[in-house]
Amino acid sequence: MKTSDQNRQRRRVLKRLAGGALLPLAAPALAQLPTVRPPLAELVPVLKEITQGAQVREARVKLEIPHLAENGHLVPLTVEVESPMTPADYVRTLYLLSEKNPRPVIAKIGFSPGTGRAVLTTRIRLATAQNVVALAQMSDGGFWAASTEVIVTETACLDAT
Amino acid sequence: MILRFAFALPWLAAMAAYAAQPFRPEPLKSGLEFSGAEVRALYQDDFSSPAMLWTTRGEKLWNEPAGAAGKSCASCHQDARTGMKGVSVKYPKVDPGTARLTNIEGRINQCRTQHQQTEPLRYESDELLALTAYVGLQSRGQTVSAVIDAQNRRNFERGRDIFYTRQGQMNLACTHCHDRNFGRKLLNDTISQGHGNPYPAYRLEWQTMGSLHRRLRACFFGVRAEMPPAGSQELLDLELFLAWRSQGLKVETPGVRK
Amino acid sequence: MSLARILVPPTAKRGELVELRIAIQHPMETGFRMDNNGRVIPKNTVNTLICRYNGAEVFRAEMGSGIAANPYLQFYIVARESGNVEFNWVDDLGEKGAASAPLQVTS
């Protein structure tokens, strides 16, 4: 019957599209999608309170943190800020900020020329997978930052002890 | 009814035979080998290890007089670094005085009540964990070598039976994860062989130090079984079986685990 | 007073960068956890830690519940002259802690 023939034909076309034509087209299109991270001020709204609207440049700050954290209760992290650390030019404050923790400010670190190098290693808590932002304010008032997305895995065995 | 029972018989016989011949996982591997990079980094550097806060405290407590007798641990045992060296590898063992199976925690509390004449420390208290970890530290790197003999054979057998008996709503025995499936994944966790050699250990999940009994209780909870209390006879017997099962591994106390 | 471990090298050359480490035994209670009776355990974290070198503040950390339990900090100072490296901290309940170690500076 005619309608059934048409249906069969239509299915063939669809199959060919799905199997042969659509997928190879779709895959590279997806792969090429840029991973869009919202601006830092949207990511961590508290940033605006700290910077008072001043420009934040994403450079000079290096944030080392595992991309896949084994346990959110203890995530090791090292931040290094590029700076001569002289009385004329040093890192005054380093903020560690979290996108999704119940309290967005993880720590506020005060450096001085006496620290010689603006490096900090510590361990943080992450409530869930999220971006972590390190924001540095230099002695001239300028803001520099870096951010990294961290995936936090759950443990398999529940523990109520 | 009879038919159903008859069906179960060969299975029961097989289970009994299985339980009668306990075995050690091959090759024997510490849980550290199944741990991720972060945990290993925390353990490998003594200053980085949060567990060392407890041994530091343990060292202080070792030298502090306590109780009516006004004695410290050091009053009798002198310097733990020599006096306690290699002691924990033989535990749990049967105490000659009470004829009961005793672990390090129990031994410390026995000293407190009998010799220092003071209250026993609460299981899982920071003080007991600190002292247990400090005593364990003196055997770090030595080989676990609990001996099974006529005195503790019944404890060993009871511990072994717990290890091979299905429990809880998930109907799993220790052996199902830790003998048959070690090295495989549960979500993002790698299943270990279930050895007690790092305990007391700092677990990231606990955010603090914990005893082997706490870890065992967590496993009971994991399979949704009733949790025996810390320090209970069941857990002591299981501790002895685990010590036998991990013979040959090195003591890691105070360990770090996820 | 809470227990801490510090690592300060005993000696350093003048002008050398000296790595300092401190670990404090503290639960860093978030204020979001409950006890076995369902009551909220109040927030209590080490909120401020100050490192002074020969009496002058060189480093300061203001922390909260986002810092892991048993807080750990590692940073540098520049060795200038022989003296004391001193750490002071306080938690939300007002409990204070202190630790210090001498640093000998050679030229």
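Here a biologist and a modeller talk through a predicted model.

Modeller: Welcome! Residues are numbered from 1 along each chain as its sequence is written, while chains are lettered from A and ligands numbered from 1 in the order in which they are written. In this predicted model, local features need pLDDT of at least 70 and side-chain atom pairs count only at pLDDT 80 or more, whereas totals for chains, interfaces and linings use all residues.

Biologist: Is strand β5 of chain A largely enclosed or not, and why?

Modeller: Strands are DSSP runs of E with at least two residues, helices are runs of H or I with at least four, and both are numbered from the N terminus. A residue is buried if 20 or more other C-beta atoms, placed from the backbone, lie within 10 Å of its own, exposed if 12 or fewer, and partly exposed in between. Six of the eight residues of β5(A), residues 91–98, are buried, so the strand is largely enclosed by the rest of the structure.

Biologist: Which residue is the bridge partner of A:L97 in β8(A)?

Modeller: Two strands pair if DSSP finds at least two bridges between them. β5(A) and β8(A), residues 130–138, run antiparallel and are joined by seven bridges. Within β8(A), the partner of A:L97 is A:V133.

Biologist: How many residues does the hairpin from β5(A) to β6(A) pass through?

Modeller: β6(A), residues 105–110, runs antiparallel to β5(A), with five bridges between them. A:L96 stands opposite A:A107 there. The hairpin joining the two strands passes through six residues.

Biologist: Which helix gives the largest share of the largest nonpolar core?

Modeller: Such a core is a set of buried Ala, Val, Leu, Ile, Met, Phe, Trp, Tyr and Cys residues joined through C-beta atoms within 7 Å. The largest one has 121 residues, and A:L94, A:A134, A:L135 and A:A145 have the most contacts inside it. Its largest share, eight residues, comes from residues 126–137 of chain B, helix α7.

Biologist: Which helix gives the most to the side of domain 1 of chain B that touches domain 2 of chain B?

Modeller: Domain bounds come from an automatic or database domain assignment, which for chain B gives domain 1 (26–46 + 144–257) and domain 2 (52–137). Residues are in contact if their C-beta atoms, placed from the backbone, lie within 7 Å, and this contact takes 24 residues from domain 1 of chain B and 20 residues from domain 2 of chain B. On the domain 1 side, the most, five residues, comes from α11(B).

Definitions and conventions: Contact = placed C-beta atoms within 7 Å.
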